[in-house]
There are 2 protein chains.
Amino acid sequence: KTVFTEISPSEFFYRNRDLAGFSNPSRALYSTVRELVENSLDSCELYTILPEVYVRITAARGSEDKPDPKHYEIVVMDNGSGIEGEQVPKAFGRIFYGSKYRLRQARGMFGMGGTMSILYGQITTNKPVEISSSVDGVKFEKFLMMIDIEKNTPIILERQKSEANGWRGTRVRLTLEGDYFRSSTKIFDYFKNTALVTPYANITFIDPLGKLVHYTRGTNVMPDPPKETLPHPHGIDVEAAKRMIRLWKGGPISKFMVQSFHRVGDKIALDFLKYSGIPPETDPKSLSNEDLVKFTEALHDYEGFLPPDGKCLSPMGEEIFSAGIVKELSPEFFTVTAREPAAYSGFPFIVEVGLAYGGKINQQGIKLLRFANRIPLLYDEGSDVSWKVLSDEIDLKRYRVDQDTPLILMTHICSTKVPFKTVGKEYIADRPEVEKELRNGIREVFRKLQIYLSRVGSMEKQRKK
Amino acid sequence: KTVFTEISPSEFFYRNRDLAGFSNPSRALYSTVRELVENSLDSCELYTILPEVYVRITAARGSEDKPDPKHYEIVVMDNGSGIEGEQVPKAFGRIFYGSKYRLRQARGMFGMGGTMSILYGQITTNKPVEISSSVDGVKFEKFLMMIDIEKNTPIILERQKSEANGWRGTRVRLTLEGDYFRSSTKIFDYFKNTALVTPYANITFIDPLGKLVHYTRGTNVMPDPPKETLPHPHGIDVEAAKRMIRLWKGGPISKFMVQSFHRVGDKIALDFLKYSGIPPETDPKSLSNEDLVKFTEALHDYEGFLPPDGKCLSPMGEEIFSAGIVKELSPEFFTVTAREPAAYSGFPFIVEVGLAYGGKINQQGIKLLRFANRIPLLYDEGSDVSWKVLSDEIDLKRYRVDQDTPLILMTHICSTKVPFKTVGKEYIADRPEVEKELRNGIREVFRKLQIYLSRVGSMEKQRKK
Ligand SMILES: Nc1ncnc2c1ncn2[C@@H]1O[C@H](COP(=O)(O)OP(=O)(O)OP(=O)(O)O)[C@@H](O)[C@H]1O
Ligand SMILES: Nc1ncnc2c1ncn2[C@@H]1O[C@H](COP(=O)(O)OP(=O)(O)OP(=O)(O)O)[C@@H](O)[C@H]1O
Ligand SMILES: [Mg+2]
Ligand SMILES: [Mg+2]
């Protein structure tokens, strides 16, 4: 007789933790740094707080003289918004629980990164996680907790309230089996690349060997935070339409269109309803199942909808991108460009591209740095859409660039939903719309480089005469 | 004030369906075929039933003359074990519900493939799925159902019992938005490759253009079904150890070791307990948290455990692999090899490799066909471990092979847990243990080919004299 089992989301990712980037001690240490730092930076940026992020990794007590892999304690502290005491246990102790399930750009999107780090720490060291948080700088709550993995629910071991004395933010302290020897290079790359696209952040990192690195703020300018937006008609499937209609407070479909969709005004609403053969006074709740499908298909086919604007997005912008490049790369020359907002499957996105040459950049040949919603992507380059565009669609010879030209190309995709191919956010799928914007952005910066190089080349010739 | 939300597993994969291989109509049609056919073959093989699988894709009523993408109806029927009526709704209407969460080889492992196909069909066409199943050939139950995506639970619209008149098995009929024009090549490749590794199956495929293809059984020999196994000590983390101890019926740790772990007898148990400094009469339930961590680490470090045997695995075996190659490829020469059972992180696996040359194989140069637990992997070749081994570690010139030699290399990895990197099972991570077995298996078949080619070459020379 066949035995059926149901498993919880945490049980699923406990068993399949490689899907989330926790495949071994070296990778898990890297992923833990990533997930916690990204939570901290999201929290600061959403409230336009100049980020102060502190990260410390030390050998756990009793493991100091052991070889890798071994137990490490990691502390990540920020000056962000903090988390309400009531929400802390589930925010960190439940998979698929979070505040980022919205149509608004953020590094977080799955509701599980912080929880996975805690889960991995727990299954390798059996130690609880300590989380302190204050939302007002007056009081802070400290939790000692673990996760009931089979039930996907937090287990609170201790909870106490204390004076915050002005500190507002979040501090996470957990122990996990890591391999610092194998992951240190990637961890330092992660911080350096993060500093590149977040030059308004102060980041301090202390490693297990006692090395302290300050990534010092290079500008006080922060990007405008994104604003939550209405869905774009092109992103609507039948399930989404059903739900929007169920929540509709009542009134004709012409009003429903204007109040439910991004950038749909009365005129476009009426023109669309004419196109799709639905009378404007129709009650959306009266649409039959068949009508619903036709309505959804018409939303996709109608060509009169305005493209998304970028209000739900938060690109770096030229000033910030330039500040980061100057601060981290010190090139002889650089150029940045940003594409207009575009969309894939109704999800808005903006591509920003930067190219830096010479100066302190001394590796031979071109190096690609990829970013998505300000997250540095350091794995699976060969599978990523940016790599594909660079290697298949850019003919370097056209731009007076050869195998040895010291170049760093930076691609940044920001979206309300970055088309990651994996839960571990390793690389980005090659959506044709995204590919197109990348191609044009990359060509643009190479053209600018070519102009610079030819000007330098002709000045050289002048001087030699 | 920050608003927190919890989402269900189906809601998560509804929003992130590209993670599961349902990114667009062309890919979703392919994934639906894959997921349903794999469920059928799993069901037959587990009970050593010679598989009869019928697949039909037709334009949905009203869509016959429309261009792609459009609505298609797909029917998949098998003669497998059938599903108990009580279990049908959750098996297909709940994500993370299934019968394959066990230490035993199967194509299924995540408990969500069938459910995703139904979910995708529902959100694109709003039509319910019809599922019929009989476990005894006497009565069959037919369900008309949909999924409550927000709650991750089935919605039963109709249920009826009827005479089965001897038919035992499962039949799934659903409607989805697909793009047959774009996915037909991949779908036919999927069937051809499935027939290659499942030559004991009769598979019938009728496509929307009315084309009928029979993949006819080439052998009545079936692989021995896998047997569920105890976990191997090397795969145990602290959470797993805790659970096993919680379920332990009572008795000393020496007995616990023998009854809980794969291939651990009294002698090895005592030797391990001596190594880890735990007295054999210790009650496992009395171990402190600290002791538990030490115990788990010792399980990893102790070198005296026997490697896993292959009883929980079900490789094709030479006879079946050869039958498939002959039937589907008709080569001039072929060779197959199987490696001894090995393990990565305590999970047993076996690598089988086949190489076919000439005859009806007429493409120029080497083509790689990848399989895992008999599933053909047709995407993301460049990211897969087999591709990495072939391109980085095999020097083709050593084997008298050049750019034009018509060759097909087949790699098959079977495991209780195939290290897929994605939920869509597209490609396999490069675990060093798996890489090693692949490397040796691939070299083995190339050596055999080289012997053949030199024999043929010298016979040619003889003839010319
Ligand atoms: N440092 C922090 N400051 C403020 N809020 C935080 C912090 N860390 C976590 N949170 C809250 O906890 C929630 C869950 O975090 P978690 O990392 O598990 O998921 P996420 O960030 O929403 O998505 P992702 O899995 O993509 O990272 C977040 O949505 C956020 O509301
Ligand atoms: N054709 C079938 N015959 C018998 N049982 C089936 C069939 N299709 C599905 N099932 C049952 O339904 C369960 C759920 O199927 P589903 O495809 O969603 O998950 P899975 O096969 O367990 O894992 P995966 O997501 O990796 O495919 C299976 O575990 C199996 O018990
Ligand atoms: Mg997060
Ligand atoms: Mg399945």
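User: How many salt bridges does the rule give over all chains?

Analyst: A salt bridge pairs a side-chain nitrogen of Lys or Arg with a carboxyl oxygen of Asp or Glu, within 4 Å. In this predicted model, the count by that rule comes to 79 salt bridges over all chains.

User: Which parts of chain A does the pair Glu163(A) and Lys139(A) tie together?

Analyst: The side chains of Glu163(A) and Lys139(A) meet at 2.6 Å, N to O. Glu163(A) belongs to strand β7 (residues 153-163) and Lys139(A) to strand β6 (residues 139-148), so the salt bridge ties together parts of chain A that are 24 residues apart in sequence. As for accessibility, Glu163(A) is partly exposed at 48%, and Lys139(A) is partly exposed at 36%.

User: Is Glu130(B) buried or exposed?

Analyst: Residues under 20% relative accessible area count as buried. Glu130(B) has 8% relative accessibility and is therefore buried. Its salt-bridge partner is Arg173(B), at 2.8 Å from N to O. The pair links distant parts of chain B, with Glu130(B) in strand β5 (residues 129-134) and Arg173(B) in strand β8 (residues 169-178), 43 residues apart. Arg173(B), with a relative accessible area of 29%, is partly exposed.

User: Where in chain B do Lys388(B) and Asp430(B) lie?

Analyst: Lys388(B) lies in helix α11 (residues 385-393) of chain B, while Asp430(B) lies in the loop between β16 (407-415) and α12 (432-464). The two residues are 42 residues apart, and the pair links distant parts of the chain. Their side chains form a salt bridge of 2.8 Å, N to O. Lys388(B) is partly exposed at 27% relative accessibility, and Asp430(B) is partly exposed at 39%.

User: Which residues are joined into one network by salt bridges that share partners?

Analyst: The network consists of Glu239(A), Arg243(A) and Arg246(A) from chain A, together with Glu11(B), Arg15(B) and Glu150(B) from chain B.

User: What domains does the assignment give for chain A?

Analyst: The domain assignment divides chain A into domain 1 (9-215), domain 2 (233-301) and domain 3 (330-464). Taken over C-alpha atoms, the centres of domain 1 and domain 3 of chain A are separated by 30 Å.

User: How should the interface between domain 1 and domain 3 of chain A be read, and what area is buried there?

Analyst: Interface size is often expressed as the accessible area lost when the parts come together. Between domain 1 and domain 3 of chain A, the buried area is about 2,200 Å², and carbon and sulfur atoms give 61% of that area. In terms of residues, 26 from domain 1 of chain A are in contact with 21 from domain 3 of chain A.

User: Which polar interactions are counted between domain 1 and domain 3 of chain A?

Analyst: The count between domain 1 and domain 3 of chain A is two salt bridges. Glu426(A) forms a salt bridge with Arg27(A), with the closest N and O atoms 2.7 Å apart. Seven residue pairs in polar contact are also counted between domain 1 and domain 3 of chain A, both residues being at pLDDT 80 or more.

User: Which elements give two or more residues to the side of domain 1 of chain A that touches domain 3 of chain A?

Analyst: These elements are α2 (25-46) and α5 (180-197) of chain A. The most is given by α5(A), with seven residues. By class, this side of domain 1 of chain A has 13 nonpolar, five polar and eight charged residues.

How values were computed: Residues numbered from 1 in each chain as written. Chains lettered and ligands numbered in written order. Predicted model: local features only at pLDDT ≥ 70, side-chain atom pairs only at ≥ 80, totals over all residues. Heavy atoms only, no water. Domains from an automatic or database assignment. Contact = heavy atoms within 4.5 Å. Buried area = accessible area lost by both parts, 1.4 Å probe. Polar contact = N/O pair within 3.5 Å; in protein donor to acceptor, adjacent residues only side chain to side chain. Helix = DSSP H or I, 4+ residues; strand = E, 2+ residues; numbered from the N terminus. Nonpolar A, V, L, I, M, F, W, Y, C, P; charged D, E, K, R; others polar. Buried < 20%, exposed > 50% of the residue type's maximum accessible area, 1.4 Å probe, protein only.
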